[in-house]
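Trainee: Before I trust any labels here, can we go through them one at a time? I'd like to hear the reasoning behind each.

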Amino acid sequence: MALLSIFKRHPTFDHGIYPVEHKDLTADKPIRRLPFAPELVIPLAQHKGVPAVPLVKVGQEVVRGEPIARAEGFLSVPMHAPATGVIRAIALTPTADGPKTQAIFLKVYEAASQEVLYDLERDLDAMTPDEIVAAVQDAGLVGLGGGAFPSHVKMKPPAGKVIETVIVNGCECEPYLTCDHRIMLEQSDALIRGIKLALKATGAKRAIIGVEDNKLDAVAHLRAVIPKDLPITAEAVETKYPQGAEKMLIKSILRKEVPVGGLPADIGVAVYNVGTLAQMGDLLPKGRGLIERVVTVSGPAVANPGNFMVPIGTPLRFLLGQVGLAADRVGEVILGGPMMGMAVASLDVPVTKAVSGVVALEREDPDLARRKVYPCIKCGECLKACPISLNPSMLGELALARQYDRMASEFNLNQCFECGCCAYVCPSNIPLTQYFRIAKSINRDKNG
Amino acid sequence: MAKPIEIRTSPHLKRAISVDRIMRNVVFALLPICAFAVFQFGLSALLLLLTTTGVAIATEWFFSRMSERGSTVSDWSVVITGILLGLTLPPGFPLWMAAVAAFVGVALGKALFGGLGYNVMNPALVGRAFVQAAFPVAITAWTPAFAPGRFAELIPSTLTVPFMQPVPVTDWIAGLQLDAWTGATPLALQKFQHIELPVTDVFTGMIAGSAGETSALLILICGLWLAAKRMLDWRIPVAVMAGAALTALPFWLMDASLYPSPWFVLFSGGLMLGAWFMASDMVASPVTTSGVIIYGLFIGSLTVFIRLFGGLVEGIMYAILLANALGPLIMSWTQPRVYGTVGKGRGRVSR
């Protein structure tokens, strides 16, 4: 049977691409702690939704783990002090998105301990689903896979919708990234505790952990440690980008599609990243807040790539200094993975809750070289790559003709989640993904 | 920092492939076919291919200069057009007519539409269709393969003075004193005299015909190589061949003495070259996966109908040109079903 399973293809979705993975750089590097940066920068808007509101004043001393900003309403999360120190300022900081945003600048005390002193012991078994949802919000948890959507919101499906299945996303389909891989191997106890909490809070009957089949060691490990009496299974899915996109993973595992304009909750599904649930399982029993996360720091311009437990707010300049950034060779520094991540304009940008990786590409990297853009030759490669079966070739032509309305009304532009597959395969080097981003933003502006 | 860091939008990775590399590989795939054409028909075929390719390149260069787009010759696509055009012409086709075909093909078939990527039809076939209509006699003046002295002398019609009618090649052929020369291609023999040449001869190319269309075997090998490199959508040639074979089959079953066998249909005339290298032209074929199959089946089927019941001996050229024109229509029928939508087509948009 074991022999035969080699020939069995793991379940998957339609289309997609197979970029070079580059995961061997860090896949076997255990998660390591780094010293604190002299100053941490904690943006108030590092999640989807309403920015948090500061609870601290300039000059105030804070203890590692202490809340420093509160959630503003349900669609918001609080912030916690990632280190013991003093608030130096509340001012603007650059972010990966471009515009500057309000942030709390925390000067870290030199002798600050990595120990978290701010505990609030809780009995998880006695908590009701609503109490868990509230506790998840209090912990400041957001989707750590890169979405940064407040986790507690997904636990409360819209009225009339029932969550039947929790899908745990351990695909990590972006090249270079291995933080989720390490979390599954090293933090499986916390992960299982987090899955149990998610099951209880959502009322789902089962949880399925989906892992790309380039991490079969993680699948084997999870299968070995998941208690037999729990309705949790670990499943391998094909290694194919963008397997880790919520809609793709749902299709791969459940053979169901999220309806256009709908949410996974519409088909009874809630999807959580493994990193999010591992943090949930770690933080909730002690009533702590999210103050650090696992980040893969990798790429050809990094001398010592690895997986690190990084305090939220650590500036990239400090982080990259710890891993030996080759300053003379670096081209782009990308937050997240190279397919969907954003290149930063400044190394003063801090690591936020959604940053799963920092990838430093080389200047001479052929992948970065400026290439000649040819007209579309209708080769159809983009149609065979688009995971949601759009017609990027046609959309690209319409974008050039500035028919942005038609792109949305006739060719489902709004379904595009900018995975980048079309631009990746295009032999004419047409920046299709960028065209679609611009078209969507023009449509948004026009429609208010 | 030694230098400022760079900023680009995602995706930050790119597959190592480009238009010029695809086009260059198509040219490489065509070279063995060109070599066989020269081996079979001699110097005349060589001059013919050089003429069509040279004139095609010159025309492209001229129009790209005029349109201020900068030279587009370096994308190699016009080289394919020139070679393909040469391969579809009779080996002894007058060079000045071949030059006209190349000019018309690139100028009217490609440059007029806006160059690479914008042409509706295959430029090589546009050029050939033009000379088929303009010079109906010259384009059906076939000469025997493996003529003795083919590397020393030219077929007399090759060097016809521009704007003059070529000398008939019949006297020259009679002078060669070949035993088996019937003066017709296998297709014409089959159509008008119902004589079917052995499929093996037709398959390997030991026959008369257009310069580069005779050896189905060689075209098949070159096409498969290109498809294996993923620079040619194998669905198109396979659909063309399936369409042709399936259309020919019932007629052949009804009356094998009158109608050709599916094998003969596949390996004779320009079907192989058309299926593998012209119908598969990326620019002029549909982009949708199911559209490509409809397109291919249509070409194959229509080719057989023209051959069997039309006024022409060969139908692949007009079949491809017509299918090219129908491309946008086929595409609008075959838009893929978008994830999360119900039913076929463009899908319903709920917001």
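Trainee: What makes A:Glu418 partly exposed?

Mentor: This is a predicted model, so we go by counts on the coordinates. A:Glu418 has 18 other C-beta atoms within 10 Å. Buried needs 20 or more and exposed needs 12 or fewer, so a count of 18 makes A:Glu418 partly exposed. The residue lies in the loop between α11 and α12 of chain A.

Trainee: What is noted about the phi of A:Glu418?

Mentor: Its phi is positive, about 60°, although A:Glu418 is not a glycine. Most residues other than glycine have a negative phi. A:His22 is another case, with phi near 55°. You'll find A:His22 in the segment before β1 (32-33) of chain A.

Trainee: Is A:His22 buried or exposed, and how do you know?

Mentor: Count again: A:His22 has 21 C-beta neighbours inside 10 Å. The cut-off for buried is 20 or more, so A:His22 counts as buried.

Trainee: And why is A:Ala270 called buried?

Mentor: Same test. A:Ala270 has 26 other C-beta atoms within 10 Å, and with the line drawn at 20, that puts A:Ala270 in the buried class. It sits in strand β12 (residues 269-273) of chain A. Leaving aside neighbours within four places in sequence, the contacts of A:Ala270 are A:Lys154, A:Ile163, A:Val166, A:Thr202, A:Ala204, A:Pro264 and A:Ala265. As for A:Val142, 128 residues away along the chain, its C-alpha atom is 14 Å from that of A:Ala270.

Trainee: What about an exposed one: what earns B:Pro136 that label?

Mentor: B:Pro136 has 9 C-beta neighbours inside 10 Å. Exposed means 12 or fewer, so B:Pro136 qualifies. It is placed in the loop between α5 (123-134) and α6 (170-176) of chain B. The C-alpha atom of B:Pro136 is 22 Å from that of B:Thr53, a residue 83 places away along the chain.

Trainee: Why do we say α5(B) is largely enclosed?

Mentor: Because nine of its twelve residues are buried. Among them are B:Leu125, B:Val126, B:Arg128 and B:Val131. The buried residues of α5(B) pack against α3 (77-88), α4 (95-109), α12 (271-278) and α14 (316-333) of chain B.

Trainee: How do you know the length of α5(B) agrees with what a helix should span?

Mentor: Take 1.5 Å times one less than the number of residues. For the twelve residues of α5(B) the expected span is 16 Å, and the end C-alpha atoms are 17 Å apart, so the two agree.

Trainee: Which parts of chain B does UniProt list as "transmembrane region"?

Mentor: The unreviewed UniProt entry lists several stretches of chain B, including residues 95-113 and 125-147. In the model, residues 95-113 of chain B are 79% helix and 0% strand, with end C-alpha atoms 26 Å apart. Residues 125-147 of chain B are 43% helix and 0% strand, and there the end C-alpha atoms are 28 Å apart.

Trainee: How much confidence does the predictor place in chain B?

Mentor: The mean pLDDT of chain B is 88, and 95% of its residues reach 70 or more. Over residues 344-351 of chain B, though, the pLDDT is below 50; that stretch has 18 contacts in the model beyond near neighbours in sequence. Where pLDDT is low, the predicted coordinates should not be read in detail. For the complex, the predictor gives an ipTM of 0.87 and a pTM of 0.89.

Trainee: What makes up the side of chain A that touches chain B?

Mentor: In total, 53 residues of chain A are in contact with 40 residues of chain B. On the chain A side, β15(A) supplies the largest share, five residues. By class, that side has 30 nonpolar, 15 polar and eight charged residues.

Trainee: Last one: which peptide bonds are called cis, and on what value?

Mentor: One joins A:Tyr241 and A:Pro242, with omega about -5°. A:Pro242 is in the loop between β11 (232-237) and α6 (246-254) of chain A. Another joins B:Ser10 and B:Pro11, also with omega about -5°. B:Pro11 lies in the segment before α1 (19-41) of chain B. Most peptide bonds are trans.

Note on methods. Residues are numbered from 1 along each chain as its sequence is written. Chains are lettered from A and ligands numbered from 1 in the order in which they are written. This is a predicted model: local features need pLDDT of at least 70, side-chain atom pairs count only at pLDDT 80 or more; totals for chains, interfaces and linings use all residues. Helices (H or I, at least four residues) and strands (E, at least two) are DSSP runs, numbered from the N terminus. UniProt positions are given in the numbering used here, feature names are shortened, and annotations may be inferred rather than shown by experiment. pLDDT is the predictor's confidence in each residue, from 0 to 100. Two residues are in contact if their C-beta atoms, placed from the backbone, lie within 7 Å. Ala, Val, Leu, Ile, Met, Phe, Trp, Tyr, Cys and Pro count as nonpolar, Asp, Glu, Lys and Arg as charged, and the others, Gly among them, as polar.
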